[in-house]
Amino acid sequence: MTLRLDAAQGGYGGRPVLEGIDLALGAGEVVALCGPNGCGKSTALRALRGALPLTAGAAMLGDRKVTEIGAKALAREVAMLGQTPVPPEEIVVRDLVALGRYAHRRAFAPLAAADHEAIDRALHRTGAWSIADRPVADLSGGQLQRSWIAMTVAQDAPHLLLDEPTNHLDMGHALVVMDLIRRLAREDGRAVAVVLHDLNLAARHADRIVLMANGQVQADGAPREVLSEQRLALVYDTVCAVLDHPKGGPLIVPLGSQRTL
Amino acid sequence: MTGAALLLRRRLPSAAWVLPPILAALFLMGLGLGASFLPPDRVFAALTGTGVRSDGIIVWNLRMPRVLMAMLAGGALGLAGFLLQRATRNPLAAPATLGIVDGAALGVLTFLWAFSDEANALTVPILWQPAAAAAGALIFAAAVAWLARRDLGGPLRLILYGIALGALADALVTLMMVAGPVYRAGQALIWLAGSVHTASWFEVTLLSSVVAVALVGAVPLMRPLDNLRCDDATAAAQGVNVMLTRGAAIGLAVLLTAAAVSVAGGIGFVGLVAPHLARRIAPSGTGAQALTTLGCGAGIVAAADILARLAFAPLEIPTGAVTAMIGVPVLLLLLLRGRG
Amino acid sequence: MPLRLPSLLAAVFGLLAVASLHLGLRTYPPATVWAALTQGGTDAEALIVTTLRLPRLLLATVVGAMLALSGLLMQAATRNPIAEPALIGVNGGAAFAVVAWIVFLGDPGMPALMAIAAFGALAAGALVFGFVAAAAPGFPAAGLLLAGVAVSALLASGVQVVVLMNEGVMEELIFWLSGAFEGRPLAGLPLAAALGLAAALAGLALAPALDVMAADDATAAALGVATGGVRAACLVAGAALAGAGVALAGPVAFVGLAAPHLARLSGLRGHRALIPVAVLWGAILGVGADIAARFVLYPSEAPVSAVTALIGVPILLVLLRRGARMPT
């Protein structure tokens with residue numbers, strides 16, 4: 001089943017943010033949502049999850065509207081990690097990851113063997129195994145982000161939506177997280193949508209970049225096609241040079257702003 | 001994080017086992033202590049029906065309903081506080097801080113005021129009093145929830161709304177007391193201060209059935225409440241129906257509070273302190289903490305009731321005054337140590 | 001700030017003051033009131049105006065202004081918009097001290113009672129502030145509120161228990177405990193007015209420091225403010241003001257919260273402007289509540305604190321809804 005937005009329009013309290021968005025996630029691919037601040041990237045992600053009331057258009061999972069799917073059933077299909085998730089105050093990593101199993105658990109039953117397996121797998125997968133018994137409050141930024149991703153991985157959903165997962169991470173940790181996201185798509189066949197500010201991270205790790213501006217999709221395609229000097233100048237008001245990355249793909253170097261402060 | 005600090009954080013996982021013996025001891029003390037002291041052997045004899053007849057009357061008719069009501073009211077308020085703290089993700093939430101206790105008191109006073117006749121007698125059965133308490137509690141809880149609907153997670157503002165509306169209800173209660181004629185106004189004053197000494201078996205039955213219903217209703221809430229420890233968006237992404245869970249938890253808390261307040265009056269601080277105490281001694285599961293909170297609340301009020309009888313004997317002081325005197329230092333200590 | 005707002009408020013206060021002499025269980029025409037004020041006389045009307053209504057007008061004015069100033073100083077000192085005598089235990093401390101002294105040692109007369117109340121207020125304030133400072137540096141609003149509500153509840157229980165021990169004074173104390181401007185001894189009024197004036201002048205002198213302390217402590221210290229000293233002075237003055245007010249008129253709630261916020265709501269910034277306007281608002285709220293107390297339960301007299309809560313709570317709710325200067 002494909003998760004997609006069909007001509008979605010919507011916003012917050014009457015203020016439109018999405019002005020007709022079409023977007024589809026394919027299995028096994030990483031789609032990066034990029035664009036300037038306030039362009040509607042995060043809002044589009046929330047719309048995909050059915051967390052944003054739409055004024056027109058729809059978010060569809062296969063042939064059903066996501067808003068018509070029950071909370072647990074939807075959680076088994078689509079996992080999402082917000083930009084600033086708040087962990088419970090006193091909890092260890094393993095218990096945090098276990099929360100991701102909510103939609104799979106049977107009523108009144110303790111965690112089943114399948115749950116424990118999924119939790120262990122998620123911990124191993126994300127490299128959070130060694131910190132599984134540490135209190136969340138004591139983790140570094142990179143470890144915490146890994147724990148959150150482990151939680152969404154434990155949810156075992158074929159669609160994964162991540163809102164700026166590399167926020168507040170240094171260069172090295174950001175790369176580790178992006179490699180992990182890429183493997184989750186490649187090896188498990190998940191459809192992953194990730195909001196990213198760093199165009200070079202997006203260009204290196206995404207199969208597809210959706211470049212947004214003013215609540216609309218400006219371009220949707222392979223990084224090389226989307227990230228042209230002309231389009232970046234238009235969307236970001238910034239003069240960029242698009243070079244060749246030593247390991248392949250485009251490399252964006254901002255040269256100067258067209259805006260005057 | 002060092003290993004030692006880790007151990008401290010993990011706490012003693014099984015400290016909750018001390019609760020049942022403590023509750024049993026409090027139960028027996030509650031039966032034995034008071035204006036006439038009954039040593040344990042006479043209490044046991046009375047319980048098994050082998051003792052003196054007057055002992056049996058004291059134990060079965062006077063003290064047993066009182067002890068049970070103290071425990072039930074304490075458990076109900078503790079559980080209500082637990083549900084509210086989990087539903088609002090707010091360590092300060094409690095029936096009293098969210099204005100629910102004052103709302104219930106206003107409901108009862110309005111009831112007494114509206115249905116008193118010239119001769120200070122009630123014109124409708126007293127049975128309706130719990131319903132009036134529930135209506136008042138529900139209205140004030142709904143008003144607080146509605147006012148804070150946009151930032152239910154914002155810890156301070158929610159409590160400010162609760163305290164503000166509680167003060168409003170309190171002011172109206174004061175005005176009604178002055179305005180009169182209130183059916184047995186003096187008793188209303190004592191009841192407002194929180195008291196279990198007039199407990200009857202009827203009230204015990206009423207309260208225990210409400211607590212039983214609420215416990216059954218709380219069981220399916222335990223798991224979503226566990227996930228709701230994360231923020232709303234994350235919990236929703238995990239598949240939790242956030243609004244439904246929150247509404248049901250607050251509804252149960254209102255029901256428990258109204259039942260406890262309508263029979264035992266304004267017993268404060270149990271709802272706030274019991275969940276914090278339980279967090280310190282219970283294993284980490286949500287269900288286990290709910291049960292531990294129930295036990296802690298029951299223990300606090302039962303102990304307070306015993307102190308209320310003995311501290312200034314022969315004068316009996318309001319149970320609510322004692323729970324505040326026990327609860328406040330405990331709360332401050334917990335805050336100081338846990339910085340919670 | 002042009003003088004428009006203070007003059008307007010002063011005019012409102014004047015109107016209320018005049019009204020409070022006219023209105024009540026019986027309402028008198030202006031001629032009667034004027035004659036009573038200028039010529040005195042011993043008829044019932046003149047006596048009611050000069051010995052009942054005039055004293056309670058003075059009391060309501062002074063106590064309202066003192067509570068407003070107390071709230072403003074505490075809010076500035078703790079950088080916390082909800083610091084107010086009733087919410088943070090200061091009123092409770094004063095009330096407990098007064099009740100305990102009267103029940104165990106007898107009524108010492110008003111000036112002494114004011115000192116006792118101020119001491120109780122200071123002790124409770126020190127407990128709450130000391131606790132918050134130890135548990136959570138920076139006076140976070142939630143911590144202060146929780147500690148204040150907790151200590152208030154503790155003291156209220158103490159009051160309940162102590163009152164129960166002496167049924168003789170119970171009735172009078174219970175009336176006073178819900179706030180009363182009516183029939184209170186006026187012996188302490190000049191002293192209270194002097195205290196309020198001194199505190200207001202000290203506050204004006206410290207106004208620039210209070211403005212700077214709206215920033216964090218480190219910034220304020222870097223700008224040359226002795227933050228510790230200014231904070232201690234404000235808290236002591238605030239507690240003393242509230243304590244004296246409680247001794248005079250019982251624990252009156254919400255004036256200390258509402259008055260400073262009403263002053264801020266009119267767009268005023270800076271304590272040089274805020275102090276006089278908040279004091280005016282306090283006097284207006286005090287006299288307004290005193291008038292309302294005569295009519296809410298007409299012909300009975302309503303407890304003042306219930307009335308100030310009825311006025312203050314909606315104001316607090318509006319403030320919270322607007323999110324004006326309120327942390328979330």
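A residue is termed buried if 20 or more other C-beta atoms lie within 10 Å of its own, exposed if 12 or fewer do, and partly exposed in between, with C-beta atoms placed from the backbone. With 16 C-beta neighbours inside 10 Å, D217(C) therefore counts as partly exposed. This is a predicted model, in which local features need pLDDT of at least 70 and side-chain atom pairs count only at pLDDT 80 or more, whereas totals for chains, interfaces and linings use all residues. Residues are numbered from 1 along each chain as its sequence is written, and chains are lettered from A and ligands numbered from 1 in the order in which they are written.

**Confidence**
- The predictor assigns the complex an ipTM of 0.80 and a pTM of 0.83.
- For chain C, the mean pLDDT (the predictor's confidence in each residue, from 0 to 100) is 84, and 95% of the residues score at least 70.
- Within chain C, confidence is highest in helix α13 (residues 271-295), at 92, and lowest in helix α7 (residues 167-177), at a mean of 74; helices (H or I, at least four residues) and strands (E, at least two) are DSSP runs numbered from the N terminus.
- Residues 324-328 of chain C stay under a pLDDT of 50, and the model has 14 contacts for them beyond four places in sequence; a contact requires C-beta atoms, placed from the backbone, within 7 Å.

**Interface of chains B and C**
- Chain C contributes 37 residues to this contact and chain B contributes 36 residues.
- On the chain C side, α5 (110-135), α6 (141-164) and α14 (304-322) each supply at least two residues, and α6(C) gives the most, with 14 residues.
- That side has 32 nonpolar, 5 polar and no charged residues, where Ala, Val, Leu, Ile, Met, Phe, Trp, Tyr, Cys and Pro count as nonpolar, Asp, Glu, Lys and Arg as charged, and the others, Gly among them, as polar.

**Interface of chains A and B**
- Here 23 residues come from chain A and 17 residues from chain B.
- On the chain A side, α2 (71-77) and β6 (78-81) each supply at least two residues, with the largest share, 4 residues, coming from α2(A).
- The class composition of the chain A side is 15 nonpolar, 3 polar and 5 charged residues.

**Nonpolar core and D217(C)**
- The largest nonpolar core (buried Ala, Val, Leu, Ile, Met, Phe, Trp, Tyr and Cys residues joined through C-beta atoms within 7 Å) has 334 residues, and A73(B), L256(B) and A117(C) have the most contacts inside it.
- Helix α4 (residues 53-88) of chain B provides the largest share of this core, 17 residues.
- Apart from neighbours within four places in sequence, the contacts of A117(C) include A94(C), V98(C) and A247(C).
- D217(C) lies in helix α10 (residues 217-222) of chain C, and its C-alpha atom is separated by 9.8 Å from that of R79(C), 138 residues apart along the chain.

**Sheet of chain A**
- An open sheet of 6 strands follows the order β6-β7-β8-β3-β9-β10 with mixed pairing; strands pair if DSSP finds at least two bridges between them.
- Its edge strands are β6 and β10 of chain A, each pairing on one side only.
- Strands β3 (residues 30-34) and β8 (residues 191-195) of chain A run parallel, joined by 4 bridges, and L33(A) stands opposite V195(A) in β8(A).
- Strands β9 (residues 208-213) and β10 (residues 216-221) of chain A pair in the antiparallel sense over 5 bridges, with D220(A) as the bridge partner of V210(A).
- The hairpin of β9(A) and β10(A) has 2 residues between the strands, and N214(A) takes a positive phi near 50°.

Terms used
Contact = placed C-beta atoms within 7 Å.
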